[in-house]
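Student: Please choose one part of this structure and look at it closely, then carry on from there to its surroundings. I would like the terms to be given with their cut-offs as you go.

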Amino acid sequence: MSENIFDLLQYSFFTNSLLAALLASITCGIAGTYIVARRMVFISGGITHASFGGIGIAWFLGMNPVAGAAVFSILSAIGIEFVSSRSKIREDSAIGILWSLGMALGIIFIFITPGYAPNLMSYLFGSILTVGSTDLWLMAALALFLAVFFAGFYHLILFIAFDEEYARAHKAPVQLFKYLLISLVALTIVLNIRVVGIILVISFLTIPQSTANLFTNNFRSIIFLSILIGIIGSISGLLVSYFWNIPSGATIIFAFVLIFGIAKAIQSLMIRADIRKQQGS
Amino acid sequence: MAEILELRDISAGYDGDMVLKGINLTIADLDFIGVIGPNGGGKTTLVKLILGLIKPMHGSIVFHDPGERNLIGYLPQVSQTDKKFPITVLEVVLSGLMSVKQGFRAYTRSDRDKAMEILGLMGIKHLHRKSIGDLSGGQMQRVYLGRAIIANPKLLILDEPNTFVDNKFEHDLYALLGELNKTMAILMVSHDVGTITSYVKTIACVNRNLHYHRSNIITQSQLAAYNCPIQLITHGEVPHTVLGEHIHTHHHE
């Protein structure tokens with residue numbers, strides 16, 4: 001390590017990646033809590049991989065890959081939600097098909113595009129150190145929208161997510177909110193592909209939440225705690241990524257798992273201390 | 001007494017499979033209807049129809065005050081909800097107000113006081129900060145009942161409320177329902193015929209068809225005439241006055 005961490009801050013690429021880590025933590029913290037609470041991890045994995053098809057097609061057509069991924073992932077998110085509520089195809093099978101179809105389309109279109117193939121590695125594993133200002137503005141807009149949306153409709157979101165049938169019996173706008181929220185999940189996934197990559201983005205949406213869930217069962221607390229865990233994990237991962245030249249997705253996710261392991265150990269100790277206290281009293 | 005809703009010649013089912021046929025039922029203010037019938041006979045389908053969760057294939061449901069927002073409070077079967085969902089007991093009870101709040105306004109101080117009062121009524125005030133998953137089946141049942149009644153509905157629908165309930169709370173529950181029945185109509189689905197008939201006012205036997213029995217006293221032969229074969233499960237001290245001569249018969253499939 002030839003450089004001091006603080007010297008790094010004078011480089012704009014580094015401050016950009018710090019900001020990206022912060023915004024990824026906020027967006028994934030909010031959307032991920034919804035995903036984990038509603039047990040939508042597999043759906044989210046399907047949306048993530050389907051978005052690769054959008055990247056490939058956009059690349060082939062000479063368009064912005066992120067825009068292609070956004071369109072593709074929102075359409076597949078709405079498609080999954082529609083299939084699972086209307087048709088007789090089993091939801092998990094539908095997700096499995098979409099999952100691999102997206103990857104296949106992405107690879108086909110990238111390979112039939114003449115000229116240089118894009119750096120596949122950066123889409124698959126993330127490259128937080130190359131995040132540009134457009135990415136940051138998009139992520140900031142999404143973070144703001146998610147925060148306002150969840151704060152404004154917190155009780156209604158919880159009401160519908162907790163007991164959909166009860167909400168429908170009370171004429172709550174269940175379908176509207178399900179489609180809105182799954183679209184927001186899709187957007188969150190797409191905008192975070194730059195940071196951690198397609199293969200690992202699902203971890204950013206689940207590991208901090210599962211860690212937070214060890215200590216609290218309150219939806220709101222899980223959001224705030226997973227944002228905090230996201231910031232700690234992603235900045236640690238970012239530093240390791242920079243100094244050892246490893247794709248950022250891998251280092252960030254590894255940091256998350258490490259935090260989860262430590263948290264789990266602390267939680268076990270807390271439970272044991274609790275039992276001892278109860279036995280003592 | 002004023003009518004709340006009316007089911008007119010309704011047929012309903014799933015995917016073309018008809019579960020209920022030619023159903024007529026009127027629910028009026030302060031009714032207390034016990035819905036009994038064999039498993040798979042359509043009791044839950046009837047509940048879903050009234051709640052608007054499924055549409056009838058034929059016939060219509062007429063609401064006599066369609067503008068009323070907090071018309072129905074609903075206690076689902078406990079097994080239907082996600083027990084690991086990160087939500088607190090207080091939040092679940094408060095969410096019963098969503099029907100009147102339309103989701104846009106936050107809960108007020110008085111909403112919270114009301115929720116705490118209801119939790120007190122259920123004897124689980126001390127659990128209000130707990131996560132729903134930390135509760136026993138009986139405690140959960142009380143929380144859901146709290147959610148169902150917090151908005152003062154005109155009609156309370158209970159689907160198998162006594163499934164996970166311990167004997168002590170079962171007694172309290174029926175006492176509470178008797179109290180609630182002074183201000184709202186109740187429709188209660190139960191498999192435990194022997195017990196419910198001593199609390200309800202009238203009985204609806206549901207087995208593809210619906211036979212309405214304008215009394216809470218029903219005999220085995222009447223049940224047979226209604227084509228309503230039900231398993232009589234008697235545990236311990238069951239009120240004896242309500243069923244006919246076969247009260248102690250154990251029917252098993």
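Tutor: β8(B) and β9(B) form a hairpin in which one residue stands between the two strands, and B:Arg208, in the turn, has a positive phi of about 70°. This is a predicted model, in which local features need pLDDT of at least 70 and side-chain atom pairs count only at pLDDT 80 or more, while totals for chains, interfaces and linings use all residues. Residues are numbered from 1 along each chain as its sequence is written, and chains are lettered from A and ligands numbered from 1 in the order in which they are written. The hairpin joins β8 (residues 202-207) of chain B to β9 (residues 209-213) of chain B through five bridges, and the strands run antiparallel; strands (E, at least two residues) and helices (H or I, at least four) are DSSP runs numbered from the N terminus, and two strands pair if DSSP finds at least two bridges between them. Within the hairpin, B:Val206 stands opposite B:Leu210 of β9(B).

Antiparallel pairing is also found in an open sheet of three strands, ordered β2-β1-β4 in chain B. Because β2 (17-28) and β4 (58-63) of chain B stand at its edges with a single partner strand each, one side of each has no neighbour in the sheet. Neighbouring strands here are turned by 15° against each other on average, direction ignored, where axes are lines fitted to C-alpha atoms, for helices over the stretch in contact, and angles run from 0 to 180 degrees between N-to-C directions. Strand β1 (residues 3-14) of chain B pairs with β2(B) over eight antiparallel bridges, and B:Leu5 stands opposite B:Ile27 in β2(B). Packed on this sheet is helix α1 (residues 43-51) of chain B, which touches β1, β2 and β4 of chain B and whose direction makes about 125° with that of β1(B); a contact here requires C-beta atoms, placed from the backbone, within 7 Å.

A parallel pairing can be followed from strand β5 (residues 72-75) of chain B, which is joined to β6 (residues 155-159) of chain B by four bridges, with B:Ile157 in β6(B) as the bridge partner of B:Tyr74. Both faces of β5(B) are covered, since B:Ile72 and B:Tyr74 on one side and B:Gly73 and B:Leu75 on the other are all buried; a residue is buried if 20 or more other C-beta atoms lie within 10 Å of its own, exposed if 12 or fewer, and partly exposed in between. B:Glu160 belongs to the loop between β6 and α6 (167-180) of chain B, and its phi is near 50°, a positive value in a residue other than glycine. B:Glu160 counts as buried because it has 21 C-beta neighbours inside 10 Å.

B:Ile157 returns in the largest nonpolar core, which has 154 residues, those with the most contacts inside it being A:Val185, B:Val93, B:Leu155, B:Ile157 and B:Ile186. Helix α10 (residues 174-196) of chain A gives the largest share of this core, 13 residues; a nonpolar core is a set of buried Ala, Val, Leu, Ile, Met, Phe, Trp, Tyr and Cys residues joined through C-beta atoms within 7 Å. Beyond four places in sequence, A:Val185 touches residues including A:Tyr34, A:Ile47 and A:Ala77. A:Ser183, also in α10 of chain A, is partly exposed, because 18 other C-beta atoms lie within 10 Å. Its C-alpha atom is separated by 5.3 Å from that of A:Ile74, although the two are 109 residues apart along the chain. In α4(A), A:Ile74 and A:Ala77 are among the buried residues, and what covers the buried residues of α4(A) includes α3 (41-60), α5 (91-112) and α10 of chain A.

Finally, where the chains meet, 19 residues of chain A are in contact with 20 residues of chain B. The elements of chain A that give two or more residues to its side are α8 (154-162), α9 (164-169) and α12 (219-244), and the largest share, five residues, comes from α8(A). This side of chain A divides into 11 nonpolar, five polar and three charged residues, with Ala, Val, Leu, Ile, Met, Phe, Trp, Tyr, Cys and Pro counted as nonpolar, Asp, Glu, Lys and Arg as charged, and the others, Gly among them, as polar.

Technical notes. Contact = placed C-beta atoms within 7 Å.
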